[in-house]
Amino acid sequence: MVTEGDFSQLLSFPTQAGLNQTLTAQATTANIMGTTIPVLGYQPNSLLGPTFRVNNSDSVNILLQNNLSEHTNIHWHGLKIPALMDGHPDQLANAGGTFRYQFTINQRAGLSWYHPHPHEMTGKQVFQGLAGLFIINDAEESALNLPSGQFELPLVIQDKRITNNGITYNPAMEEVMAGFMGESIVVNGVYSPYTEVATRYYRLRILNGSNARVYNLAFSNNADMAIIGNDGGLLKNPVTAKEILIAPGERLDVLINFAGNTIGTEIFLVSKEFASGGDAQGKQSFRIMKFKIATSITDTFTVPANLSAMTTIAASSTVKTRTFDISNAMEHHGYPMNDGMQMRHRINGKLFDSSRIDENISANTNEIWVFDNSKGDEPHPMHLHGVFFQVLGRSGGRGNLIASENGWKDTVLVMPGETVRVIVPFENNTGKFVFHCHNLEHEDDGMMLQYQLS
Ligand code: C2O
Ligand code: CU
Ligand code: CU
C-alpha cells in the first residue's frame, strides 16, 4: 500500500548531461524523507543520473565507470542504436570496469531513458536508484513552440521501499510474482514533492520508472490532459483525457492548463484506482505530487491541432505474424506442477537464455507481433529493444486502445485477459536484441527472449 507524505519537499530536477559524459555507477547516499540513506546513483548525481538533452543527429560519447561491487551496463531505452551499444545483458562492465557507449542519434524527438540491464539484477539496480532521462529534440517539435524552459517539467515517477538501511530491495516470492512495489512515491527522486506553477499551460514529460507499479494518472481537479506524445515522440494529433494509464517503461507527454485557478490553489497529480489490473494493481488511489498555483500570468498558448506527420503502417505490408504467449498460467499451459518447472515468468513457455536466438527476423520487413495474455492474471508491459511499433488493436480486457497508444510505442501494456497486436517495422539495424516484460521482477525472473535481425 502506498503511504502519502505531506507534499512539503520542493520538486527538483536532475542536472543536465553533456554530449561527452562520464556516468559513474556507485553506491552513494540520498536524502529522502528527511534522512540520509544509502542508494545507488550515477555520479555526478545520486538518485537518478543526469538528463541528456540532445538534438537529432548529435553524437554522444558516454563512459560508464562501474564502481559498484557487481556488474552492470546501460540500456538506452527508446534509442534506435546499434546492438552492441544497446545494453544487451551480454554487454557488461564488470565491477571496477568501464564500458564506452558511442552512438549518433538518428530518430525523431521524444523522451527516452536509460537504466541498467544486467540479467537478474536489473530490478535491484533500477529500484535502488540507477536511471536517467534522455531527451531528443528536433526541428519538427521546436516549430510547435510547446511550453519550454521552466514550463516543461520532466517527471520520473517511481515507487520506493525506504528503510533505515536505504532503498530496500528484497522481493518475497509473492513480490516476484506480482512485481516489487514500494510504499513511497518519489518524483525525480524527491519524496512527496510539490512545485509552484503559474496560471498557464505546462508540458509534463512523464516516465513511469517504477519496477512494477502501473499508475492511472489524473488531476485532483479533474482537469483535462492533452496527451501529445508517448514513448516514440509526438502523436499525430492531441487526444484529450481525464485519466490515463502508464505502465513501467512507458512515457507520456502531456499538456495541462493551470489557467483559471486562483493563487494558492493546490492541485494534485494523482493515481486513481483502475479495474483490469489483476489482484495486485489498481486497488488504491493516492496522490503523487502537488502543484501550487503561485503566479498569475497571461498565456496565449493553444494546443496545436496537428502535432506531427505520421504514417500509419498498413497491416497488409507485413510478411509474418508471431504470437507470444505471455499468460504464464501453468494450468493453461498444461505444465504439470511437479516436473521441476517452477512457477516462473515465461514467454512461449521459455525463460531467458542469452545463448539461444528465439526469433530470426529479416531486415527491412514489417511484422505483426501478438502478445497473448488472454489466460493470464497479471499485467505485462511488453517492450521491444531496437525498434518502435504501432499498436494495431486490443481484444479482451479493456478491449480498446487508450489515448496514448496512437503513434510510436516501444512498450505496450497487456492487462490480464488481453491480447494486443502491434505492427513492427524492422529496419536495417541488424544484430541481436532482447524483448521482454518491463515488470522488472518478471524480466529478471526470465520473461525475456531475443530476436536476431539479419
Ligand atoms: Cu527499459 Cu530492456 O528495457
Ligand atoms: Cu528498452
Ligand atoms: Cu510481466
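Good morning. I begin with one pair of residues: Y114 stands opposite G132 in strand β9. The structure under discussion is a predicted model, and this pair offers a convenient entry to one of its sheets.

The pair belongs to the contact between β8 and β9, two strands that pair in the antiparallel sense over 5 bridges. Strand β9 comprises residues 132–137, and 6 of its 6 residues are buried, so the strand is largely enclosed by the rest of the structure. Its side chains divide into two sets: G132, F134 and I136 point one way, while L133, I135 and N137 point the other way, and all of them are buried.

What stands on the other flank of β9? There, β4 is joined to β9 by 4 bridges, and these two strands run parallel. Within that pairing, V54 stands opposite I136.

Taken together, these strands form an open sheet of 4 strands in the order β4-β9-β8-β6, with mixed pairing. Strands β4, residues 52–55, and β6 stand at the edges; each has a single partner strand, so one side of each is left without a neighbour in the sheet. On average, neighbouring strands of this sheet are turned by 25 degrees against each other, direction ignored.

The edge strand β6 pairs with β8, residues 110–115, through 3 bridges in the antiparallel sense. In this pairing W76 stands opposite Y114, and Y114 is the residue with which I opened, opposite G132.

Strand β6 also brings us to the metal sites. Which residues coordinate the copper ion designated ligand 2? The donors are H75, through NE2, and H383, also through NE2, at 1.8 Å. This pair links distant parts of the chain, since H75 lies in strand β6, residues 75–77, and H383 in strand β27, 308 residues away. Are these two histidines buried or exposed? H75 has a relative accessible area of 1% and is buried; H383, at 2%, likewise counts as buried.

The copper ion designated ligand 3 has donors from three residues: H380 through ND1, C437 through SG and H442 through ND1, at distances of 2.0 to 2.1 Å. Along the chain, these donors follow the spacing H-x56-C-x4-H. H380 is located in strand β27, residues 380–384, and H442 in helix α5, residues 440–445, so this pair ties together parts that are 62 residues apart in sequence. The relative accessibility of H380 is 0%, and H380 therefore counts as buried. H442 is buried as well, with a relative accessible area of 0%.

I would draw attention to strand β27 here. It holds H383, a donor to ligand 2, and it also holds H380, a donor to ligand 3.

I turn now to a hairpin elsewhere in the chain. Strand β2, residues 20–32, and strand β3, residues 35–43, run antiparallel and are joined by 9 bridges. I32 stands opposite T35 in β3. The hairpin has 2 residues between its strands, and M33 takes a positive phi near 55 degrees.

The start of the chain also merits a remark. V2 lies in the segment before β1, which covers residues 9–10. With a relative accessible area of 9%, V2 is buried. Which residues does V2 contact, leaving aside its neighbours within four places in sequence? They are G182, E183, I185, R213, Q284 and F286. Of these, Q284 is 282 residues from V2 in sequence, yet the C-alpha to C-alpha separation is 7.9 Å.

Finally, I consider the chain as a whole. Its secondary structure comes to 5 helices and 32 strands. For 454 residues, a compact globule would have a radius of gyration near 22 Å; the protein chain has 21 Å, which agrees. The C-alpha trace spans about 65 × 50 × 45 Å along its principal axes. Of the 454 residues, 60% count as buried. The accessible surface comes to about 16500 Å², and carbon and sulfur atoms hold 47% of that area.

With regard to contacts with a separation of 6 or more, residues 24 or more positions apart account for 77%. Examples already discussed include V2 and Q284, 282 residues apart and in contact. Thank you for your attention.

Technical notes
Residues numbered from 1 in each chain as written. Chains lettered and ligands numbered in written order. Predicted model: local features only at pLDDT ≥ 70, side-chain atom pairs only at ≥ 80, totals over all residues. Heavy atoms only, no water. Donors = N, O, S within 2.8 Å, 3.2 Å for Na, K, Ca; no water. Buried < 20%, exposed > 50% of the residue type's maximum accessible area, 1.4 Å probe, protein only. Pairing = 2+ DSSP bridges. Axes fitted to C-alpha atoms, helices over the stretch in contact; angles between N-to-C directions. Rg over C-alpha atoms; globule rule 2.2 N^0.38 Å. Contact = heavy atoms within 4.5 Å. Areas by Shrake-Rupley, 256 points an atom, 1.4 Å probe, with all protein chains shown as cover.
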